[in-house]
Amino acid sequence: MPNTPRAAPRSAGASALASAPAEASAAAGRGRFRTFHAFRTRTGRRPPLVLLVPACVAALFALLPLGYLAVRALERGPGYAWDVVADARTLHLLGRSLGLTAVVVAASLVLGISLAWLTVRTALPGARAWSVLATLPLAVPSYVAAFAWLSAEPSVAGFGGAALALTLVSFPYVHLPVAAALRGIDPAQEEASRSLGHGPSATFLRVTLPQLRPAAAGGGLLVALYVLSDFGAVSLMRYDTFTRAIHTSYRASFDRTPAAALSVVLVVMTVALVAAETRTRGRAGHARTGTGTARPAVPLPLGRYRPLALLWCGAVAAVAVVFPLGTLAYWLTAGSSAAWDLGGLADTAWATLGVAAAGAALTTVLALPVGVIAARHRGRGARLLEQAAYAGHALPGITVALSLVFFAVRYAYPLYQQLPLLVCAYAVLFLPVAVAATRAAVLQAPPVLEDVARSLGRRPWQVLREVTVPLAAPGVAAGAALTFVVCMKELPATLLLRPTGMDTLATRLWTETGAGSFAAAAPYAAALILLAAVPSYLLGRHRT
Amino acid sequence: MRRPLAGRITALVAAGLLLPALAACGSDDDGSSQGKGGDSALVIYSGRNEKLVKPLLDKLEKAVGTKVEVRYGDSAELAAQLLEEGERTKAGLFFSQDAGALGSLSKEGMLAKLPQTHLDKVDKAYRSGDGDWVGTSGRVRVIAYHPDKVAEGEVPDSVHDVVKPEWKDKVGFAPTNASFQAFVTGMRVLEGDDATRKWLKALKDNGAKTYAHNLATLDAVESGEVSLGLINHYYWYERVAEKGEEKVGAKLHFLPGKDPGALINVAGVGILTNAGQSEAAQKAVDFLLSKEAQTYFADETKEYPLAAGVTSTVEGLPPFDSLESPDIDLGKLESLQETLAMLQDVGLV
Amino acid sequence: MTDTNELHVEGLTKSYGDGDPVVLRGLDLTVPTGALAAVLGPSGCGKTTLLRIVAGFLRADAGTVRLGNRVVGGPGVHVPPERRRIGIVPQEGALFPHLSVGHNVTFGLKGVDRPERRRRAEEMLELVGLAGYGDRMPHELSGGQQQRVALARALAPRPQLVLLDEPFNALDSALRAGVRADVRTALRATGATAVLVTHDQQEALSTADLVAVVRDGRVAQCDTPQDLYRRPADPWVAGFVGDAVLLPGTVDTDGTVRTALGTVPLRALPEGNPRTGTVLLRPEQLRLTGPTAQGAVRGTVTDVCFYGHDAMVTVAVDGHAAPVGIRVAGPLRVRPGEETGVRVLGEGTLHRDGCEPTAL
């Protein structure tokens, strides 16, 4: 029985459960159960300054767009802003946005959880390869997916097309954390359920699924915010959403005030969604599933369902990965505007890698203290910090970009239209992605290790450096890879904030499609997807 | 077994992040030194697509004689950016895809008055009434049609006809496209809000299909998804240049009789007051109105030249003089707010 | 080394927030230098909270913690954990999975050069019986070995005090006794004061020099294991530290007490000379006799539990509602349903009625 700390770390909840029978003879005190386990739940400890200060900096950073929105929305007085927001159309668009969000989140949960379960828990042939394939759609920008579908079947335009394109690029946000959580669930629990007379599906629904809830909710939140903030797919699919209304407001009226007022509504929605996600965590949030188990789970034989499972995985991979790549291949070989500029392509690809890497690095560094506090500390302050990181995530890129324009020309003029500012924009946009990954990674490391390090003479920052970060490193790195991918795909903020003359694959793609030369755009799209596929592939292989 | 793998992946990711990031920082230094040394450089914000105008702007750099830095983007987003930058903008010149974006800057007083000599090169109809921007090339709204579905003689001569029952479900247009919105604004100016609203409602009720942009509309006409498409003329000519006319499954119809559907809109330039680059910027405007640039617009972007006496030589393109477009002050197209509200009311955007 | 490593805790009070129940209510505890004290109590009694306050991970609402001559926690004083010189051995060891055993052990050594670190690691590993394991990784060790490494790690920086948080819980019972004894030996060898938190009374009694029974946020009794067992402060403590036979009794003038099991001599009279009270006896003080033996009361065997080294026989005695437990060493001659006699050996303790603690 190799009972290693790495294998053993269990959540507060789980260890409480495990020790309960042992202490049952000593009876008593169920009501004080929670306080008794304060040791693990870390009640009542304030985060050390070494975390708190940088976390506050990160949170303030993420709140910059909100400050800008407040200035702009109230420019003509609250009355005007209210008139814009109180329009009947606002409610209508809100409904449409939320409807799309709900459908995409639900579909992503179905895809993400089913694939995670099939690849982690069953004897699916080629499980590892499927697992990687289920991560690769991350590399596909939503506008490329939407374009691929539209060019193949123009009639998908509208709600269905938008939901389809968005689901197929965002379900890995659910798949990744759920697969990690599934690997951490002790198979003994499922065996216990089976022995108690529940079949595989009942066991999945009653034992496994509830434990996946925090992971699935976290992934679902990222999907929801992604959908709310997306402009590329919905505009190509001509499905009217809030984001599209904000863009239209900029585009057609050259007026920033109504756009800002509408953006505030998006922020309110974000806060509501984040709060809802925090609620689903509940106690389970800290009763996270462990890193590994003493014993690897025996893969569930699929039996006669095997062809069906393979068909399902194959179908998802076909529509989410093969199809967009196939469309690009078609464009690569069609049309006369395909004048291949390999040198330019390589330069652009290199620049894209650089700026995305810098973005991922800064985002990860900023996310680290927030993620650690979110994982290790409870209470309103910790919650606020984490929620602040999410606040601007549902805002369309153009709004975030304009807010940085606003602040940079006033307070950081030397940085304006320089690379560092663009990198900062990525950090503001994608902080939640990295925070979520960091938080999950830190939760994997048992907090008692930090106590031990303190008792052995380490100061809080030394504990962070020598214990928490090394233990969370693989998960943090996974978060960095994910951030890297989303930075590579980013378009609206890049357009506004890039140094004059600089191009990324995404802006190049925009330029070429804007000129109507899809064949010339295809190499950039292909390069973007292939480059983003590398970290996605690593993510798919990464076993938290 | 797991740790080494995890460690390797971590190391790989770290290396993968650090290497290009360092490279980026390195190149950033180059960029900033360029920026600082480039006081004399002319910065152009171009809402016109790089693919269309980069060769021209390369020539412009030679003509102006100073270094030129071009920032490409969407006209409206660049306008929003310029408004946000205010007096601290680095842009000396704004090269816009349409008059509306220029109008919004003009309204905020961010554009400098142009020398009369420049203004006079262009017909009054295609420049700012306040003299702070000038059109550089023109495009005309046309109806594209699928020749197998519509005989040449049956194509409507007025946008008022496309809302008739015979075209039910057969018309395509791009409601979010700036040119379409400019056309609607033009219609409002010409025929009044009530008539325009009625027309938009009729268009919607007639099952007209909406597309993301003019190109998508043209695609739909080519594929026969719709029979008619309301677009700008040059999209068709560009496609013909790319694929050859016989391969393009759509034809164009120019509307006669000063129909609002035959609106001519322009791409234009304005000089930013505060960037301190007005000398270079004026040279640039000069160049854009020169014979060389005007010929470029005619030949390469298939637009109508507006100055220097250049006429388009594109095959099949009706002469500019022959266009029967409505008389309208393009300066009045700058505020699209009401148009937008109307489109929203009707439910088209 | 400081001359005194005494741990002195006084008046600790702690609750986790408004509306939450109070966890510690004025807890006092003194552990002399070099002693191993067990803090024994049921779930929720506050023992883990006490440990976390002593270690410095929590601040008490009131009260002081003194280690040797230093006040490490108290009004206006809070020495952070890393400066307290208090080692902890958590449940399940909690070794750093990313460090080798050797590096785990030397983790707490600061300002020590490399050869000295290596020497110290070897010394510590030898102390816990794991010499030569320094290059292994934690997951290559068994649970018991991990626990020993955790102790070596805690002892390596020569702490004044070592806190052990139910360290033997995760071990199976066969392993537990051995590890327990080794831990005790190692602690003795270093002379560090130690506090062992546990809910297992056997563990507390067999390992510790001193046992503090915590109930409801206070120390109900702190004594040597023997005194605690023989002279519990009240019936609750008596029941918590071992099997107890509790009988109502009436005090006679000669210092004996009459019970359902006959007349029992008392160790001491409780304060206030009560006339009646509850008499505590231990099951091993009772002997089975023949049903009619002299000086014995009659009863019927209701149950027999065999443990190997001894057995517990439950007997329903006439005149007493609850059956009494009798520990029987050696061969068993009774079976359930048989008649038997019961006789009391040695003295009992008398506890006043009405002073039983409220049920937890």
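**Entry 1: the sheet in chain C**

I began with an open sheet in chain C, which in this predicted model is built from 5 strands in the order S14-S13-S12-S15-S21, with antiparallel pairing. I then looked up which strands stand at its edges, and found strand S14 (262-265) and strand S21 (349-351) of chain C, each of which has a single partner strand, so that one side of each is left without a neighbour in the sheet. From one strand to the next, the twist averages 45°.

Within that order I picked out the neighbours S12 and S15 of chain C. Strand S12, covering residues 245-251, and strand S15, covering residues 276-281, pair in the antiparallel sense over 6 bridges. For a concrete position in this pairing I noted C:Leu247, whose bridge partner in S15(C) is C:Val279.

**Entry 2: a hairpin in chain C**

Next I followed strand S10 (residues 210-215) and strand S11 (residues 218-223) of chain C, which pair in the antiparallel sense over 5 bridges. How many residues lie between S10(C) and S11(C) in the hairpin that they form? I found 2 residues between them, and I noted that C:Asp216, in the turn, has a positive phi of about 55°. In this pair of strands, C:Arg215 has C:Arg218 of S11(C) as its bridge partner.

**Entry 3: chain C as a whole**

I stepped back to the full chain and recorded 8 helices and 21 strands for chain C. Taken along the principal axes, the C-alpha atoms of chain C fill a box of roughly 75 × 45 × 40 Å. Of the 360 residues in chain C, 48% are buried. When I took the contacts in chain C between residues at least 6 apart in sequence, 68% of them turned out to join residues at least 24 apart.

The domain assignment divides chain C into domain 1, given as 7-230, and domain 2, given as 244-351. I noted 39 Å between the C-alpha centres of domain 1 of chain C and domain 2 of chain C.

**Entry 4: chain B and its domains**

Turning to chain B, I recorded 12 helices and 10 strands, and 54% of its 349 residues are buried. Among the contacts in chain B between residues at least 6 apart in sequence, I noted that 77% join residues at least 24 apart.

The domain assignment of chain B gives each domain in two segments, with 38-137 + 265-319 for domain 1 and 139-263 + 336-346 for domain 2. The centres of domain 1 and domain 2 of chain B, taken over C-alpha atoms, are separated by 27 Å. To their contact, domain 1 of chain B contributes 12 residues and domain 2 of chain B contributes 10 residues. I also checked the classes of residue on the side of domain 1 of chain B that touches domain 2 of chain B, and found 5 nonpolar, 4 polar and 3 charged residues there.

**Entry 5: B:Leu230**

I then went to a single residue, B:Leu230, which has its place in strand S7 (residues 228-232) of chain B. Is B:Leu230 buried or exposed? I count B:Leu230 as buried, because 27 other C-beta atoms lie within 10 Å and the cut-off for a buried residue is 20 or more.

Leaving out residues up to four places away in sequence, I found that B:Leu230 touches B:Arg141, B:Ile143, B:Phe173, B:Phe180 and B:Gly261. For one of these, B:Phe180, I looked up the C-alpha separation from B:Leu230, which is 8.0 Å, although the two residues are 50 residues apart along the chain.

**Entry 6: two tyrosines in helix H9**

Which residues does UniProt list for "binding site" in chain B? The unreviewed entry lists B:Tyr234 and B:Tyr235, and I take this from that record alone. B:Tyr234 has its place in helix H9 (residues 233-243) of chain B, and B:Tyr235 lies in helix H9 of chain B as well.

B:Tyr234 counts as buried because it has 23 C-beta neighbours inside 10 Å, and B:Tyr235 counts as buried because it has 24 C-beta neighbours inside 10 Å. I next listed their contacts, not counting residues up to four places away in sequence: B:Tyr234 touches B:Arg139, B:Thr301, B:Lys302 and B:Glu303, whereas B:Tyr235 touches B:Asn214, B:Leu215 and B:Leu218.

Technical notes. Residues numbered from 1 in each chain as written. Chains lettered and ligands numbered in written order. Predicted model: local features only at pLDDT ≥ 70, side-chain atom pairs only at ≥ 80, totals over all residues. Helix = DSSP H or I, 4+ residues; strand = E, 2+ residues; numbered from the N terminus. Buried ≥ 20, exposed ≤ 12 C-beta atoms within 10 Å, placed from the backbone. Contact = placed C-beta atoms within 7 Å. UniProt positions renumbered as here; feature names shortened; annotations may be inferred. Domains from an automatic or database assignment. Nonpolar A, V, L, I, M, F, W, Y, C, P; charged D, E, K, R; others polar. Pairing = 2+ DSSP bridges. Axes fitted to C-alpha atoms, helices over the stretch in contact; angles between N-to-C directions.
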